Number of protein chains: 2
Amino acid sequence: MADDKRELSERKKQILKAIVDAHIEGGGPVGSKAILAAGGMNCSSATIRNEMAELEEMGYLEQPHASAGRVPSELGYRFYVDALIERYAMTTHEIAQINNLLRAKMGELDQILTAASHLASNLTNYTGIAIRPRAGSASISKFEGIYLEPDHFILVAVAASGAVQTKHIHTEFGIRPEAVARLTESLNAMLAGLPAEKITLPIIMELETRMGPDSGMVGLVMKVVYDLLSELDAGAMQVSGVDHLLQYPEYSDTAQFRELLGTLEKKDDILDLVSISDGEGDINVLIGSESRVKVMNNSALVFKPIVKDGKTLGAIGVLGPRRMDYAKVLATLEGLSGNIENLIQPNKQLHEGGTPDGTSGG
Amino acid sequence: MADDKRELSERKKQILKAIVDAHIEGGGPVGSKAILAAGGMNCSSATIRNEMAELEEMGYLEQPHASAGRVPSELGYRFYVDALIERYAMTTHEIAQINNLLRAKMGELDQILTAASHLASNLTNYTGIAIRPRAGSASISKFEGIYLEPDHFILVAVAASGAVQTKHIHTEFGIRPEAVARLTESLNAMLAGLPAEKITLPIIMELETRMGPDSGMVGLVMKVVYDLLSELDAGAMQVSGVDHLLQYPEYSDTAQFRELLGTLEKKDDILDLVSISDGEGDINVLIGSESRVKVMNNSALVFKPIVKDGKTLGAIGVLGPRRMDYAKVLATLEGLSGNIENLIQPNKQLHEGGTPDGTSGG
DNA sequence: GGTTAGCACTCGAAGCAATAGAGTGCTAAA
DNA sequence: TTTAGCACTCTATTGCTTCGAGTGCTAACC
């Protein structure tokens, strides 16, 4: 698509990189003298000006107004991220933070992702996002009813992905513990592994037959099962650290920031974005209008799916200004996702360190 | 405390109410002529000026600067909320919205509260808050283990409050389904109803004895139980609709708004505030510095605990500018909490309407 | 004594011109 | 091809003026 563009000379790359770096650092437009001052150049500011004019013509830079410096365009960022970025080396402190905080959170994937999103936000100073993507058609691999009172029990559903959800069920008539046990057994026998659209009337009828005298509760239970499946299908998203964004001048326009907040609360757009991502566990970088979400024109979204056994279980990401510190963000997400995948596949290699922090729980 | 203040004359009350109303409406300082224009006064602006000067002296009003109108002080708002407020009548549309949206959300209290917080935010145009307060010392009333794979099962814990939490447990050695069943039984027998500090070493030893050959898993399980109890103790809070706040000029100062966002994300301060509230199910109105949370000096927090059988299970609230529309907020929270309490005590009076909206879940 | 009209005064908001400064593009020389 | 120099452009800032809303005070009024 953008292939007939002539190659960038080594010096152009150097200048483009210097501009992006300086812009990420400072936020404002970058002038020719500033680049010279940053060092690494052995030519004059006039030469840099000429190169910048060409880079602008080629579409990598933009000029906010005639007498300002240059700002990287979307294409400029894209080139930077794809070709110019320097690997950021995490400090041992940052690595330790990831290790400690995530290690403490064994168990629920949702909780791990939430913790990871907080970490991502704090380590990068942007907004962290944790996502459980929409499932195409989720199914429940295991049911369990828990009897509480004669008119009250809980239905626990474990999804294939490992997500667990529970629902209270109140009945208007009494039920015995044995009925709940039979329900558990029947649901597992009849409905385990079935997505909503494969649960047909004959199956429900069979379920009623199995429940015998307690068939009255089947209707209620089916509604709950439907709700559970819907919620699993729907995906979920968790945002942390929006307040960080306000430190960047690009979000000082409250009207626009408000729209962004609204988008984050609606969740749909971003869930779509991530759910449609290209399957593999690679990091995705969406810059500005690449993301199709209108409101994010000045922002960038970087996210990494969490994959286990070839299935995408979730994603963690970072949302920030278009001029975000991509090197650091990429490194952070890589680090986090590595740890998360270790955590959810504990058999693989858990004992590599033996961290001796005795959290004696009792 | 503020009792030696001489009583406010009828006219002073009228003027104070007019000022607060106008300030809530418009946001800016209110002048004597504006009050006259609003109607209801049969005196001149000069008289109103005199009264306003006295009200200011008495502490009910403040003047941003010498030549501006008056603004209600914290004391002024307090008096307004306590004595002057007019009951807001919800529209049938608003009532219908509450009914429909909450009816659909049977089940988990957390989910109901989340839905309620969204509703509160949307109906009032401020920020909605849903809270599960810190429990003094939570206990688990029912355990249930769910066997999944030879090295993997789930522990479900039902708290006395009805909250349900789950944890995945991975073991490094195989366990049989029967071991999980025995674990369920033993946990219920030994630990049900005990807060963390009553779980002593002898109890844990007895647990190990009961588990016999599978006693190896007890250590792991105890850590999980401790985590579960900690999470129940910790409380939870859910915020929705922060973006609404940005429409009010008092939050256009991004630095301050950012601090407020930070407070909302930390959750501790607000959880404290609500958890310490005075036990009863009454609506609490905290205006400005009354709330002790420094950052909220320009804001007000209104919340209502959700009480069942004399126990506070949660709370819903609204956070907004100090000049929020208290009448509407109070009415909305009353309406919501009424519906919620109906939902979580379904035996009481569920069938009063028989809403015929056939959500055929199949 | 409370109420009202009138008036001088205050102070912030808005508009406007002048200034400073950063950065460019162009031209001519090296 | 690079560089130095210079004119030009555009924004941000500053100081100044004007405008108007609103007050407090005084004197007259009922």
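The paragraphs below lead through a predicted model, going from the layout of one chain to the relation between the two copies and then to the surface they share.

Chain A offers a starting point, since its assignment divides it into domain 1 (10–84), domain 2 (97–134 + 235–343) and domain 3 (140–234). Domain 2 of chain A is thus written as two segments, 97–134 and 235–343, and the centres of domain 1 of chain A and domain 3 of chain A, taken over C-alpha atoms, are separated by 61 Å. Within this chain, Glu94(A) and Lys328(A) form a salt bridge in which the closest N and O atoms are 3.4 Å apart. That pair links distant parts of the chain, with Glu94(A) lying in helix α5 (residues 92–103) of chain A and Lys328(A) in helix α13 (residues 326–344) of chain A, 234 residues apart. Over all chains, a search of the whole structure finds 39 salt bridges.

Turning to the pair of copies, chain B is superposed on chain A by a rotation of 180° with 0.1 Å of shift along its axis, at an RMSD of 0.1 Å. The two copies are therefore related as by a two-fold rotation axis. Among the residues of chain B, the one that comes closest to the rotation axis is Thr254(B), whose C-alpha lies at 3.9 Å. Both copies use the same surface, for 100% of the contact residues of chain B recur in chain A.

How extensive is the contact between the chains, in residues and in area? On the side of chain B, 45 residues are in contact with 47 residues of chain A, and the two chains bury about 4100 Å² between them, 57% of it on carbon and sulfur atoms. In chain B, the residues that lose the most area to chain A are His168(B), Arg258(B) and Glu265(B), which together account for 14% of what that side buries.

The polar side of this interface can be described by two counts: there are zero salt bridges between chain B and chain A, whereas 13 residue pairs, both members at pLDDT 80 or more, are in polar contact. The elements of chain B that give two or more residues to the touching side are the strands β4 (140–149), β5 (152–159) and β6 (164–170), together with the helices α9 (218–234), α10 (242–245), α11 (254–266) and α14 (346–349). Of these, α11(B) supplies the largest share, six residues. By class, the side of chain B that touches chain A comprises 16 nonpolar, 18 polar and eleven charged residues.

Note on methods. Residues are numbered from 1 along each chain as its sequence is written. Chains are lettered from A and ligands numbered from 1 in the order in which they are written. This is a predicted model: local features need pLDDT of at least 70, side-chain atom pairs count only at pLDDT 80 or more; totals for chains, interfaces and linings use all residues. Side-chain values use heavy atoms; hydrogens and water are left out. Contact means heavy atoms within 4.5 Å. Buried area is the accessible area (1.4 Å probe) that two parts lose on being put together, summed over both. A salt bridge is a side-chain nitrogen of Lys or Arg within 4 Å of a carboxyl oxygen of Asp or Glu. A polar contact is a pair of N or O atoms within 3.5 Å; within protein, one must be able to donate a hydrogen and the other to accept it, and residues adjacent in sequence count only if both atoms are side-chain atoms. Helices (H or I, at least four residues) and strands (E, at least two) are DSSP runs, numbered from the N terminus. Ala, Val, Leu, Ile, Met, Phe, Trp, Tyr, Cys and Pro count as nonpolar, Asp, Glu, Lys and Arg as charged, and the others, Gly among them, as polar. Domain bounds come from an automatic or database domain assignment. Copies are superposed by least squares on the C-alpha atoms of residues with pLDDT of at least 70 in both.
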